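Please walk me through the side-chain packing and the backbone peculiarities of this protein, giving the cut-offs behind each term as it comes up.

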Amino acid sequence: MLGIETSCDETAASVVALDADGRPQILSNVVLSQIDEHAAFGGVVPEIAARAHVEALDGIIEAALQESGKGLADMEGIAATAGPGLIGGLIVGLMTGKALASVSGKPLYPVNHLEGHALAARLVDDVAFPYLVLLVSGGHTQIILVRGVGDYERWASTIDDALGEAFDKTAKLLGLPYPGGPNVEKAALAGDASRFDFPRPLKGEARPDFSFSGLKTAVRQAATAIAPLSEKDIADICASFQAAVGETLQDRVARSLARFRGMFPGQTQPTLVVAGGVAANKSIRAALELVCERNGFRFLAPPMKLCTDNAAMIAWAGLERLSAGIEPDEAMHFAPRSRWPLDESAAPLIGAGKRGAKA
């Protein structure tokens with residue numbers, strides 16, 4: 001399966017296959033980051049991102065095929081991210097996928113970017129259905145029950161900011177370079193996590209959802225109160241912020257772990273998968289490992305290169321759909337969707353509008 005990913009600011013292509021024993025193999029995984037193009041603006045500029053995808057995608061696909069030692073004729077299908085994401089980038093990737101499918105006669109699998117994250121753990125580890133996924137990225141913070149390929153139930157979501165967004169805005173407030181998340185984590189290594197007593201939003205409440213807007217506001221108020229900030233101040237704020245995030249996630253996730261236990265009592269050691277760009281944060285991983293240990297869950301996070309946006313997870317999602325007998329888009333009528341909830345039956349908590357639910 002050839003996978004194409006262009007939902008945000010990474011242009012990526014990958015070839016994933018099953019070996020003779022049915023085990024997945026990543027034959028190639030080429031990712032071109034656009035960090036340099038967006039750094040001056042402190043965030044992703046959609047028009048710049050779309051233009052960069054147009055300029056780079058053909059070469060990235062050619063490189064992925066060459067690295068894999070396979071040609072287009074060897075593919076059993078082509079999978080392309082069709083949403084959610086920046087509409088310009090989605091158009092570039094999905095239309096390229098349609099063109100390649102058309103000229104090669106291969107089936108096209110439009111893939112939900114969130115499904116790619118949700119299934120990525122099965123690409124590198126033996127994970128049986130059902131399992132839980134904590135999806136933490138710049139645009140989403142959700143807990144999802146994965147019953148099977150194409151069968152997802154959203155149990156929790158953020159009622160305001162996504163966790164990755166809170167990291168990025170905290171970094172921008174403190175004057176840290178773009179991208180914000182990794183630089184907050186780096187600064188926190190030298191900080192005192194006990195100096196600032198930031199709130200743990202929704203901690204102890206029965207509802208399973210997340211909230212990070214108030215935490216972000218508390219960081220701004222603390223920074224304003226002691227301005228101008230020294231390097232030590234910035235490090236302490238970052239460390240205290242990460243500590244608050246870790247405790248908040250532990251409290252929120254524990255509720256869903258208990259619910260899973262009640263629904264599937266026969267599983268001796270169920271699995272929690274953490275996915276998305278924020279899953280690369282080592283402090284967050286450690287906090288989640290601890291809550292899993294306390295609740296008898298197996299903790300699993302894909303390798304760092306599969307946490308951030310990549311095409312291997314998209315190719316794998318397409319291959320999972322092919323293996324499950326899910327029909328491809330034979331007419332190639334599927335239109336890119338900037339908003340595309342993984343569980344479309346769940347009531348939206350934020351961002352419902354003419355274009356549909358955001359999450």
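Ring pairs link F260, F264 and F297 into a cluster, where rings of Phe, Tyr and Trp (its six-membered ring) count as a pair if their centres lie within 6.5 Å, with planes under 30 degrees apart called stacked, over 60 edge-to-face and the rest tilted. This is a predicted model, in which local features need pLDDT of at least 70 and side-chain atom pairs count only at pLDDT 80 or more, while totals for chains, interfaces and linings use all residues. Residues are numbered from 1 along each chain as its sequence is written, and side-chain values use heavy atoms, with hydrogens and water left out.

Within the cluster, the rings of F260 and F264 have their centres 4.7 Å apart and their planes at 45°, so this pair is tilted. Both F260 and F264 are buried, a word that stands for under 20% relative accessible area, with exposed meaning over 50% and partly exposed covering what lies in between (1.4 Å probe, protein chains only). By the ring rule the count comes to seven aromatic pairs, and another of them joins F129 and Y131, which are stacked at 5.8 Å centre to centre with 10° between the planes. Y131 is buried, at 0% relative accessibility, whereas F129 is partly exposed, at 28%.

F129 also takes part in a feature of the backbone, since a cis peptide bond with omega of about -10° joins F129 and P130. P130 lies in the loop between α4 (113-124) and β6, where helices (H or I, at least four residues) and strands (E, at least two) are DSSP runs numbered from the N terminus. A cis peptide bond also joins Y178 and P179, with omega of about 0°, and P179 is placed in the loop between α5 and α6.

The hydrophobic packing can be taken next. A nonpolar core is defined as a set of buried Ala, Val, Leu, Ile, Met, Phe, Trp, Tyr and Cys residues joined through side-chain atoms within 4.5 Å. The largest such core has 49 residues, and those with the most contacts inside it are L134, L163, F198, F241 and L288. Helix α8 (residues 231-263) gives the most to this core, with 11 residues. A second, separate core of 30 residues includes M1, V16, A118 and A121. As for L288, leaving aside residues up to four places away in sequence, this side chain touches L134, L249, V253, V274 and F299, contact being taken as heavy atoms within 4.5 Å.

Which residues of helix α5 (residues 163-173) are buried? They are L163, G164, A166, F167, T170 and A171. Seen down the axis of α5, these residues fall within an arc of 160°, so they line one face of the helix, the arc being that of the directions from the helix axis to the C-beta atoms. Their cover includes β6 (131-136), β7 (141-148), α6, α7, α8 and α9 (282-295). After α5 comes G175, whose phi is positive, near 75°.

Charged side chains give a further view of helix α8. Side chains of opposite charge can pair when their charged atoms come close. A salt bridge is counted here when a side-chain nitrogen of Lys or Arg is within 4 Å of a carboxyl oxygen of Asp or Glu, and by this rule the count comes to 17 salt bridges. One of them is formed by the side chains of R259 and E153, at 3.5 Å from N to O. This pair links distant parts of the chain, with R259 in helix α8 and E153 in strand β8 (residues 151-157), 106 residues apart.R259 is partly exposed, with a relative accessible area of 39%, and R259 also lies over the face of W155, at 4.0 Å from the ring centre; for such a placement, NZ of Lys or CZ of Arg must be within 6 Å of the ring centre and within 35 degrees of the ring normal.

Finally, two residues carry a positive phi although they are not glycines: L202, at about 65°, and M332, at about 55°. L202 lies in the loop between α6 and α7 and is buried, at 16% relative accessibility, whereas M332 lies in the segment after α11 (312-323) and is partly exposed, at 23%.
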